[in-house]
Structures are given as C-alpha cells and as structure tokens.
Amino acid sequence: MAPISDAEIQQIVQRVTAQLSGSMAKAVSPPSPAQPAAAKQTLAAQDPSAGCVIAVGADHGGYAMKEVLEEHLKANGYTVVDCGTNSTQAVDYPDFAEAVARKVAGGEAWRGIIVDGAGIGSCMAANKVRGVRAALCYDYATAVNSREHNDANVLTLGAGLIGLALAKQIADTWLRTEFGGGRHAGRVDKIMSIEGRSAIEAANGIR
C-alpha cells in the first residue's frame, strides 16, 4: 500500500471528526435504565450499526479493558458476544483471538474486538482465520485507515499501550468508519486472493 500523505490523513481526520460529532452527542445520553428499549430504538434509528453484534475477547492482560469496552458498546446500542477470558488468570491469547475471529468469519458477529497486552499476537492469530482482516490500532488515524483503506473486520488493541479513554475512542471510530471502496477495493481483493492461493497450496501440500 502506498504511504499515506499528511494531507490525506488530515482529510480523513476532518471527515470522521464531522461524522463523530453526531455520534459523540449520542454517547453523552446513554440508554435510560427506565426506558432501555426505547433508547436503543432511537440509537438504532440514528446509527445503522447500532444493534449489530460485536464479538469481544481478551487474554488476562486485556481482560480489564475488555470489560470496560463491553459495557461501553452495550451503552451505545450494540449487542455484545463475550468470548472470554473472564478473569486475570493467565491464559493464551491465540485461543480467544481465534474464538472472536471465527464469530466474525462465520457471520455470527458483524465485527470483532480483541484486547491483549500489546495487541500484536492477537492480530496475528486472528488473521490466520479465513475471511478475517484484523488490524492493530493504537490511535485515531490507524482506526480510520484500517476501515477506510483495508476494510478491517477485527480490531485488536494493546491494553499495555493505550488508556481506556483512547481505547473507547478507537473502538467508536473504527466501528463507525465506512470502507472507502474505490481504489481500495481492488487492493483488499488482492489481500483476500493471497489467502485463497495459500489455501490451495496447503491443500496440495505446497509450502
């Protein structure tokens, strides 16, 4: 992929900032406990992605952030499927990354979010699942770029690298940014064709 110029990044930030100005206003008024159904319907009417299923997962290093993000997503009208882990007891991140990735690849979830210490290993593991385009994002620009240019369907975060406020901003931005299509569509197709060729090679015993 060609490097992104400063001017392109600035244009992206300006465009998504304008999109989020309305979304952030919604986040200020979460669903009232007295009228959760009505509030969710309002959110759904304003945001086409509200109500969509998000699969979330984490290892022990990302557990606390996963719990915060899960409540944040629910408050914004999403349906959350929690793939674990459910404590800070040491576990292996590939197990949970695979669980989230398979939910997305199988159509059980619209998108997936995985948290581990650095977000790197989970990204690698998720990308081994056919049909998944996982992206490690660590700021606003990478969240926008991974959606607009790469049509990422799984987001990975590093709980040891970013704070909770930034994690929420990245998740919100990533979920609400549309794929740009156009010149990016052909490049995403080429990414997926690599996956297809690798599957054929594996089936034929070619390394």
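Is Arg102 buried, partly exposed or exposed? Arg102 is partly exposed, with a relative accessible area of 48%. I shall return to this residue when I come to the salt bridges. Please keep in mind throughout that we are looking at a predicted model.

Let me begin with the overall architecture. The protein comprises 8 helices and 5 strands. Followed along the sequence, these elements give the pattern α-α-β-α-β-α-β-α-β-α-β-α-α. The protein has 207 residues, of which 41% count as buried. If we take the contacts between residues at least 6 apart in sequence, 71% of them join residues at least 24 apart. The exposed surface amounts to about 10600 Å², and carbon and sulfur atoms account for 56% of that area.

I turn now to the sheet. The 5 strands are arranged as an open sheet in the order E2-E1-E3-E5-E4, with parallel pairing. At the edges stand E2, residues 79-82, and E4, each of which pairs on one side only. From one strand to the next, the twist averages 25 degrees.

The individual pairings can be taken in turn. Strand E1, residues 53-58, runs parallel to strand E3, residues 111-116, and 5 bridges join the two. Within this pairing, Ala58 has Val115 of E3 as its bridge partner. E3 is in turn joined to E5 by 5 bridges, again in parallel, and here Gly112 stands opposite Val154 of E5. E5 also pairs with E4, in the parallel sense and over 3 bridges; in that case Ala135 is the residue opposite Leu155 of E5.

E5 deserves a further remark. Of its 5 residues, 5 are buried. Val154, Thr156 and Gly158 point one way from the strand, while Leu155 and Leu157 point the other way.

Which helices lie against this sheet? H4 lies across E1, E2, E3 and E5, and runs at about 170 degrees to E3. Helix H7, residues 164-176, packs on the sheet as well, touching E1, E3 and E5, and its direction makes about 165 degrees with that of E5.

This brings me to the nonpolar interior. The largest nonpolar core has 22 residues, and those with the most contacts inside it are Leu69, Leu73, Ile113, Leu155, Leu157 and Trp174. At least two residues of this core come from each of E1, helix H3 (63-75), E3, E5 and H7. H7 supplies the largest share, with 5 residues.

Ile113 illustrates how these elements meet. Setting aside neighbours within four places in sequence, Ile113 is in contact with a list of residues that includes Ile54, Val56, Leu69, Leu73, Leu155, Leu157 and Trp174. Another core, of 15 residues, lies apart from the largest one, and Val100, Ala109, Val132 and Ala134 are among its members.

I should also mention one loop residue. Thr85 is located in the loop between E2 and H4. Thr85 is classed as buried because its relative accessible area is 7%, and the cut-off for that class is under 20%. Beyond neighbours within four places in sequence, its contacts include Ala58, Asp59, His60, Tyr63 and Phe96.

Finally, the charged pairs. Side chains of opposite charge can pair when their charged atoms come close. There are 8 salt bridges in the structure. In one of them, Glu98 pairs with Arg102, with the closest N and O atoms 2.8 Å apart. Both residues belong to helix H4, residues 93-105, and are 4 residues apart, about one turn of the helix. Glu98 is partly exposed, with a relative accessible area of 33%, and Arg102, as I said at the outset, is partly exposed at 48%.

Another salt bridge joins Glu108 to Lys103, at 3.3 Å between the closest N and O atoms. Lys103 is partly exposed, with a relative accessible area of 25%.

What of Asp151 and Arg133: are they buried or exposed? Both are buried. Their side chains meet in a salt bridge, at 3.2 Å from N to O. This pair links distant parts of the chain: Asp151 is in the loop between helix H6 (140-148) and strand E5 (154-158), and Arg133 is in the loop between helix H5 (120-126) and strand E4 (134-136), 18 residues apart.

Lastly, Lys66, Glu67 and Asp82 are linked in a network of salt bridges. Thank you for your attention.

How values were computed:
Residues numbered from 1 in each chain as written. Predicted model: local features only at pLDDT ≥ 70, side-chain atom pairs only at ≥ 80, totals over all residues. Heavy atoms only, no water. Salt bridge = Lys/Arg side-chain N within 4 Å of Asp/Glu carboxyl O. Buried < 20%, exposed > 50% of the residue type's maximum accessible area, 1.4 Å probe, protein only. Pairing = 2+ DSSP bridges. Axes fitted to C-alpha atoms, helices over the stretch in contact; angles between N-to-C directions. Contact = heavy atoms within 4.5 Å. Core = buried A, V, L, I, M, F, W, Y, C linked by side-chain atoms within 4.5 Å. Areas by Shrake-Rupley, 256 points an atom, 1.4 Å probe, with all protein chains shown as cover.
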